[in-house]
Amino acid sequence: MLLDEVLRKSSALLAAMLTMAAAWCCFHLPGAHLPMVAFAFLAASALCDISRFNLRMRRCFAMIGGAAATQIALGTVSNHPLVQLPVAMIFSYIILSCMADRQAAIIVLLTAFLSLQSPPGLTAALERSMDMLVSGITVLLITTVCNLFAPDIAGESYQPQPYSPRQSAIITAELACGFIIFLLLKHEQAVWIMLTILFIHMAENPRAPLPGLVKRRIAATPIGILLGGAYLAAFGSFNYRASYIVPLTGTLGFFMLYLKNDYFLFTLLFMFTLTVFSDWMLGSYHRFHFTEILFVRSLATVIGGILLLCGKDLMGKEAV
């Protein structure tokens, strides 16, 4: 990817994150927390590749609709885990098989599974759905402005590629196995089993085959968490403003992924950012248990990687 295009996409990601973080703080949007900001950040990465506004708008509202539907469905049954499992898998298969863009489908599911760490219940889910609408429209405007400054390079190579029914079924089976283990472990960090599966599928491409991505993810996850903990120990304990670094580190991770296809460094910076922002800042300080985060999330990443490798064998020639 050309440097100009990398800078354009990275600038859009940074603008989306800062705008939604500011909206969350200024307008006191209570329901979404991390899913709202994550949806804005990830949606910006998908919409930046689309040069035509009408196609970008359709893709944006498809993601908003999918994200809202999964939020409401999972929120409605959040107090009934045995019901939540089949509901989550049905929606996973529908999203994966029906959306025309596999990256957009993965973003919808990432937002859905991130919401498992958010307040339960239908009311909270409806609040998150409204926040997703605000987030999506904001990202649509930001990406449109960014593409106006680079009409000659914005999304010329964009070719949406959906998942086949077989691929959708196998990824859904991976998520189902991960969800069962999540329910058995009864620890909120175990949600990273499903998140690991989805993030690696989103990054998978001919230049970055799945086995290599799994190895880099497993190696970089504990390092990123350790660096985030060290940063907090050095600076965060003295001033909450130390968390202001997270938009830069999050954007830098995507910058390196776009420029060098460096998934190890992307994961390291991503886990650093989440440790500072999600675990420490959103965890209201007293719920921040660094040792649990380090070991349970690292274990969840390993489990997710194993499920991915099993799924790859089933996909065979249909693997990316």
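Biologist: Let me start with one residue: where is the place of phenylalanine 277?

Modeller: Phenylalanine 277 sits in helix α11. Keep in mind as we go that this is a predicted model.

Biologist: Is phenylalanine 277 buried or exposed?

Modeller: The general idea is to look at the relative accessible area and compare it with a cut-off: buried means under 20%. Phenylalanine 277 has a relative accessible area of 11%, so it is buried. You can also ask what lies across from it in space. Its C-alpha is 9.9 Å from that of alanine 242, with the two positions 35 residues apart in sequence.

Biologist: Let me step back, then. How many helices and strands are in the protein chain?

Modeller: Twelve helices and zero strands. Read from the N terminus, the order of elements is therefore α-α-α-α-α-α-α-α-α-α-α-α, given how the elements are assigned.

Biologist: And what part of the protein chain do buried residues make up?

Modeller: Of the 320 residues in the protein chain, 57% are buried. Contacts tell you about the fold in another way. Take those between residues at least 6 apart in sequence: 80% of them join residues at least 24 apart.

Biologist: Now to helix packing. At what angle do α4 and α5 pack?

Modeller: For a pair of helices, look at the angle, the spacing of the axes and then the residues that touch. Helix α5 covers residues 102–114, and α4 packs against it at about 160° with the axes 9 Å apart. Angles over 145 degrees count as roughly antiparallel, which is why α4 is roughly antiparallel to α5. The crossing of these two helices is right-handed.

Biologist: Which residues make the contact of α4 and α5?

Modeller: From α4 come Met89, Ser92, Ile95 and Leu96, and from α5 come Ala105, Ile106, Val108, Leu109 and Phe113. Sorted by class, the contact of α4 with α5 has eight nonpolar residues, one polar and no charged.

Biologist: There is a proline to ask about too. In which helix does proline 86 lie?

Modeller: Proline 86 lies in α4, the helix of residues 81–98. Its relative accessibility is 36%, so it counts as partly exposed. In space, its C-alpha is 9.9 Å from that of phenylalanine 179, a residue 93 positions away along the chain.

Biologist: How does α2 pack with α10?

Modeller: Helix α2 (residues 34–47) and helix α10 (residues 246–260) have axes that come within 12 Å and cross at roughly 25°. Because angles under 35 degrees count as roughly parallel, α2 is roughly parallel to α10. This crossing of α2 and α10 is right-handed. On the α2 side the contact uses Phe41, Leu42 and Ser45, and on the α10 side Gly250, Thr251, Phe254 and Tyr258. Four of the residues in this contact are nonpolar, three are polar and none is charged.

Biologist: And which residues of α2 and α6 meet?

Modeller: Start with the geometry: α2 packs with helix α6 (residues 122–148) at about 35°, and the axes are 9 Å apart. The crossing of α2 and α6 is right-handed. Pro35, Met36, Phe39, Ala40, Ala43, Ala44 and Leu47 of α2 meet Asp131, Met132, Ser135, Gly136, Val139, Leu140, Thr143 and Asn147 of α6. By class, there are ten nonpolar, four polar and one charged residues in the contact of α2 with α6.

Biologist: What about backbone angles? Which loop holds lysine 186?

Modeller: With phi, look at the sign, and check whether the residue is a glycine. Lysine 186 is in the loop between α7 (165–185) and α8 (192–203). Its phi is near 55°, a positive value in a residue other than glycine. At 74% relative accessibility, lysine 186 is exposed. Asparagine 261 also has a positive phi, about 55°, although it is not a glycine. Asparagine 261 is in the loop between α10 and α11 (263–281), and at 22% relative accessibility it counts as partly exposed.

Biologist: Last, how many disulfides does the structure hold?

Modeller: Zero. A disulfide needs two cysteine sulfur atoms within 2.5 Å. For cysteine 310, the nearest cysteine sulfur is that of cysteine 177, at 8.3 Å, and cysteine 310 is in no disulfide. Cysteine 310 is partly exposed, at 44% relative accessibility, whereas cysteine 98 is exposed, at 61%.

Note on methods: Residues are numbered from 1 along each chain as its sequence is written. This is a predicted model: local features need pLDDT of at least 70, side-chain atom pairs count only at pLDDT 80 or more; totals for chains, interfaces and linings use all residues. Side-chain values use heavy atoms; hydrogens and water are left out. Axes are lines fitted to C-alpha atoms, for helices over the stretch in contact, and angles run from 0 to 180 degrees between N-to-C directions. Helices (H or I, at least four residues) and strands (E, at least two) are DSSP runs, numbered from the N terminus. Angles under 35 degrees count as roughly parallel, over 145 as roughly antiparallel, 65 to 115 as roughly perpendicular and the rest as oblique. A crossing is left-handed if the near helix is turned anticlockwise from the far one by less than a right angle, and right-handed if clockwise. Contact means heavy atoms within 4.5 Å. Ala, Val, Leu, Ile, Met, Phe, Trp, Tyr, Cys and Pro count as nonpolar, Asp, Glu, Lys and Arg as charged, and the others, Gly among them, as polar. Buried means under 20% relative accessible area, exposed over 50%, partly exposed in between (1.4 Å probe, protein chains only).
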